[in-house]
Amino acid sequence: MPGNLREFAKLDKECVVIGVSSRVEIWSKEQWQQYYQQSEEAFNDIAEKLVDFDFDL
């Protein structure tokens, strides 16, 4: 991987490889953990709102 992309992704030592749809993403472990924590909170908020949503099927 070119140096400029490693620098942009902050890849130093440990990395995480994620499959997303039809592509692969490579994250630094620290960056991924931060993103995942923020996303998990948002997903929990969305899930709580869906529970309160009245689905008429």
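## Nonpolar surface patch

M1, L5, V17, V24 and I26 make a nonpolar surface patch of about 470 Å². The model is predicted. One member of the patch, I26, lies in strand 2. I26 has a relative accessible area of 36%. That value makes I26 partly exposed, because buried would require under 20% and exposed over 50%. I26 can join a patch because its 36% passes the limit of over 30% relative accessible area.

## Fold and burial

The chain has two helices and two strands. Along the sequence they follow the pattern α-β-β-α. Helix 1 covers 3-8, and strand 1 covers 15-20. Strand 2 spans 23-28. Helix 2 takes in residues 29-52.

The chain holds 57 residues, and buried residues make up 11% of them.

## Aromatic cluster

W27, W32, Y35 and Y36 form one aromatic cluster. The structure holds four aromatic pairs. Among them is W27 with W32, an edge-to-face pair. The ring centres of W27 and W32 lie 5.3 Å apart, with 70° between the planes. W27 also pairs with Y35. Here the centres are 4.9 Å apart and the planes make an angle of 35°.

Why is the pair of W27 and Y35 tilted? Its 35° is neither under 30 degrees, as stacked rings need, nor over 60, as edge-to-face rings need, so the pair counts as tilted. Y35 itself is partly exposed, at a relative accessible area of 40%.

## Salt bridges

The count comes to two salt bridges. In one, the side chains of K29 and E14 meet at 3.7 Å, N to O. This pair links distant parts of the chain, 15 residues apart. K29 sits in helix 2, while E14 sits in the loop between helix 1 and strand 1. K29 is partly exposed at 29% relative accessibility. E14 is also partly exposed, with a relative accessible area of 46%.

The other salt bridge joins the side chains of R23 and E25 at 3.1 Å, N to O. R23 has a relative accessible area of 48%. R23 therefore counts as partly exposed, since exposed means over 50%.

## Negative patch

Which residues gather in a patch of negative charge on the surface? They are E40, E41, D45 and E48. D45 lies in helix 2. The relative accessible area of D45 is 44%, which makes D45 partly exposed. D45 qualifies for a patch on accessibility because 44% is over 30%.

## Positive phi in the loops

Most residues other than glycine have a negative phi. K10 has a positive phi of about 60° although it is not a glycine. K10 lies in the loop between helix 1 and strand 1.

S21 is not a glycine, yet its phi is positive, at about 55°. S21 is found in the loop between strand 1 and strand 2. Is S21 buried or exposed? S21 counts as exposed because its relative accessibility is 78%, and the cut-off is over 50%.

How values were computed
Residues are numbered from 1 along each chain as its sequence is written. This is a predicted model: local features need pLDDT of at least 70, side-chain atom pairs count only at pLDDT 80 or more; totals for chains, interfaces and linings use all residues. Side-chain values use heavy atoms; hydrogens and water are left out. Rings of Phe, Tyr and Trp (its six-membered ring) pair if their centres lie within 6.5 Å; planes under 30 degrees apart count as stacked, over 60 as edge-to-face and the rest as tilted. Buried means under 20% relative accessible area, exposed over 50%, partly exposed in between (1.4 Å probe, protein chains only). Helices (H or I, at least four residues) and strands (E, at least two) are DSSP runs, numbered from the N terminus. Patches are made of residues with over 30% relative accessible area and no salt bridge: like charges are joined within 9 Å, nonpolar side chains (Val, Leu, Ile, Met, Phe, Trp, Tyr) within 5 Å. Accessible areas come from the Shrake-Rupley method with a 1.4 Å probe; for residues, only the protein chains shown count as cover. A salt bridge is a side-chain nitrogen of Lys or Arg within 4 Å of a carboxyl oxygen of Asp or Glu. Lys and Arg count as positive and Asp and Glu as negative; His and the chain ends are not counted. The place of a charge is taken as NZ of Lys, CZ of Arg, CG of Asp or CD of Glu.
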